Amino acid sequence: MSTSDTDFLGRPIIAVTGVGIVSSLGKGVETNWEALTSGRSGIHRIDRFSTEGLRTTISGSVDFMGEMGETSTGLSYAMAEAAGSEAIRMAGLDDEDFGAPLFLAAPPVEMEWQHRLKLDAMDGSAIDAAGYDRLLQIARKHPDPSIYHLTQCSRISELLADRLGTRGLPITLSTACASGASAIQLGVEAIRRGETDRAITIGTDGSITQESLIRFSLLSALSTNNAVPEKASKPFSKDRDGFVMAEGAGALVLESLASAKARGATIHGLILGCGERADDFHRTRSKPDGSPIIAAIKAGLADAGLSPEGIDYINAHGTSTPENDRMEATGLAAVFGEQLKQTPISSNKSMIGHTLTAAGAIEAVFSILSLKEGILPPTINHDTPDPAIELDVVPNTARRQEIGTVLSNSFGFGGQNACLVLGRAPGA
């Protein structure tokens, strides 16, 4: 390995040789990128199930994956398979025999209402909210392999490993809304340690159900701007009122730069650094002084060997909740100072909604495309700027701008904070 293939600490430089994506905007990189840079929203009214009695009746659900989309586990797998296969093919590799590790970010798997009702029907009596002991008894009396497979925590990664031909133990992780970025960090670290020359990292989430909407509504986290769905997600705007729950998957093939060059692969971008810090202040709120967010951003910059002046664009977490957007802006201001006013920062969630477990991976894919294409996606619905948040949010219209580096933020409930620093491909 030549010195040009290593970073300032002598570690292998990490190249991105393939990407794949599914979101409410559609399936595939080309479809998503065209829609995103056109400022098109994928948020719509929910028609997958009845929303009667729900405070929020809109989402960025993915409703075009066929029969696999009938359960959260099935949809999460179908989107991960589509994005992962696309990324591997883009990398010029065999999407049935990838031959390297899989790092998967997937939502926590649990029994859905439809499974409970199925068991209820078997027993012939109602299962109340506290009836989990009896639910277990019914399940033991009427074993159903399909429910077992759908609720097995490693089911998605096992299916992906078989379909894509990955090697080694498939790793599944869940760190809330930072999960996609955390999966990428695991892949980066495995290559840096010399355990593998390449890896595939995937973030996926297909968990929009009545129950998940109710849970987030009870936290007052969701937008209730149901009248005009495409206008509901408005990160950094004064009138923002919550995030819009969404679904999707993002995949990246990571490879040591030396390996990618040796096989003549096209390099679409680089992962320069990863930073993470925990916030123990509250299960949904950030520490008031923003210190964990600040520390995560600084850790990502330090791992990349960059100062704040070395960042050309920020792909914000930008959920559209009053608390998150304010705290993200506070953290960025503390790190970047006056330079922040001149640093463009936009939120993909204004168009695709918040894809939760998948967000960090999807936004990393969009960041790589911004580096490659020289286009900054807009923050749409930015009609009422928040005077307390002075940012260049690339309002409403995409911007052509050559950039060399991106900071991509992912901040999750439970105090999970992860930041990625991405760079343009050598010679691009």
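The following questions and answers concern a predicted model of one protein chain.

Student: How many helices and strands are there in the protein chain, and what share of its residues is buried?
Tutor: In this predicted model, the protein chain holds 13 helices and 15 strands. The chain has 428 residues, and the buried share of them is 61%.

Student: Among contacts between residues at least 6 apart in sequence, what percentage join residues at least 24 apart?
Tutor: The count takes in contacts in the protein chain between residues at least 6 apart in sequence. Of these, the share that joins residues at least 24 apart is 77%.

Student: Why does the distance between the end C-alpha atoms of helix α7 agree with its number of residues?
Tutor: Helix α7 covers residues 179-192, which is 14 residues. At 1.5 Å a residue the helix should span 20 Å, and the expected span uses one less than the number of residues. The end C-alpha atoms of α7 agree with this because they are apart by 20 Å.

Student: How many residues of α7 are buried, and which residue just after α7 takes a positive phi?
Tutor: α7 is mostly covered, and its buried residues include Ile184, Gly187, Val188 and Ile191. The buried count is 12 of its 14 residues. Just after α7, a positive phi of about 80° is taken by Gly194.

Student: Are α7 and α13 roughly parallel or roughly perpendicular to each other?
Tutor: The two helices pack with their axes 4 Å apart, at an angle of about 70°. The contact is made by Gly180, Ala181 and Ile184 on the α7 side and by Gly360, Ala361 and Ala364 on the α13 side. Angles of 65 to 115 degrees fall in one class, and α7 and α13 are therefore roughly perpendicular.

Student: Which helix gives the largest share of the largest nonpolar core?
Tutor: The largest nonpolar core has 38 residues, and those with the most contacts inside it are Ile184, Leu252, Leu254, Ile271, Phe366 and Leu422. The largest share of this core is 7 residues, and these come from residues 359-373, helix α13.

Student: How many residues are in the second, separate core?
Tutor: This core includes Met79, Ala80, Ala106 and Ala251. It is separate, and its residue count is 27.

Student: Which residues of α7 does Leu254 touch?
Tutor: Residues up to four places away in sequence are not counted here. Among the residues that Leu254 touches are Ile14, Ala199 and Ile271. Helix α7 covers residues 179-192, and the residues touched by Leu254 also include Ile184, Gly187, Val188 and Ile191.

Student: Which strand is joined to β1 by 9 bridges?
Tutor: β1 covers residues 14-23, and 10 of its 10 residues are buried. β1 pairs with strand β9 in the antiparallel sense over 3 bridges, with Ile14 opposite Ile271. Ser23 of β1 stands opposite Gly248, and the antiparallel partner joined by 9 bridges is strand β8.

Student: How many residues lie between β1 and β2 in their hairpin?
Tutor: β1 and β2 run antiparallel and are joined by 2 bridges. Val22 stands opposite Lys27 in β2. The two strands form a hairpin, and the number of residues between them is 2.

Student: Which residues of β14 are buried on each side?
Tutor: In a regular strand, side chains alternate between the two faces of the sheet. In β14, 8 of its 8 residues are buried. One side has Thr405, Leu407, Asn409 and Phe411, and the other has Val406, Ser408, Ser410 and Gly412.

Student: Which strand pairs with β14 in the parallel sense?
Tutor: β14 is joined to strand β15 by 8 bridges, and these two run antiparallel. Val406 has Leu422 of β15 as its bridge partner. Ile314 stands opposite Leu407 of β14, and the parallel pairing, over 3 bridges, is with β10.

Student: How far apart in space are Gly84 and Thr201?
Tutor: Gly84 lies in helix α2 and is buried, with a relative accessible area of 0%. Gly84 touches Ile200, Ile202 and Ala251, not counting residues up to four places away in sequence. Gly84 and Thr201 are 117 residues apart in sequence, and their C-alpha to C-alpha distance is 8.1 Å.

Student: Is Ser76 buried or exposed?
Tutor: Ser76 is found in helix α2. Leaving aside neighbours within four places in sequence, Ser76 is in contact with Pro107, Ile156, Thr204, Asp205 and Gly206. Its relative accessible area is 1%, so Ser76 is buried.

Methods:
Residues are numbered from 1 along each chain as its sequence is written. Side-chain values use heavy atoms; hydrogens and water are left out. Buried means under 20% relative accessible area, exposed over 50%, partly exposed in between (1.4 Å probe, protein chains only). A nonpolar core is a set of buried Ala, Val, Leu, Ile, Met, Phe, Trp, Tyr and Cys residues joined through side-chain atoms within 4.5 Å. Contact means heavy atoms within 4.5 Å. Two strands pair if DSSP finds at least two bridges between them. Axes are lines fitted to C-alpha atoms, for helices over the stretch in contact, and angles run from 0 to 180 degrees between N-to-C directions. Angles under 35 degrees count as roughly parallel, over 145 as roughly antiparallel, 65 to 115 as roughly perpendicular and the rest as oblique.
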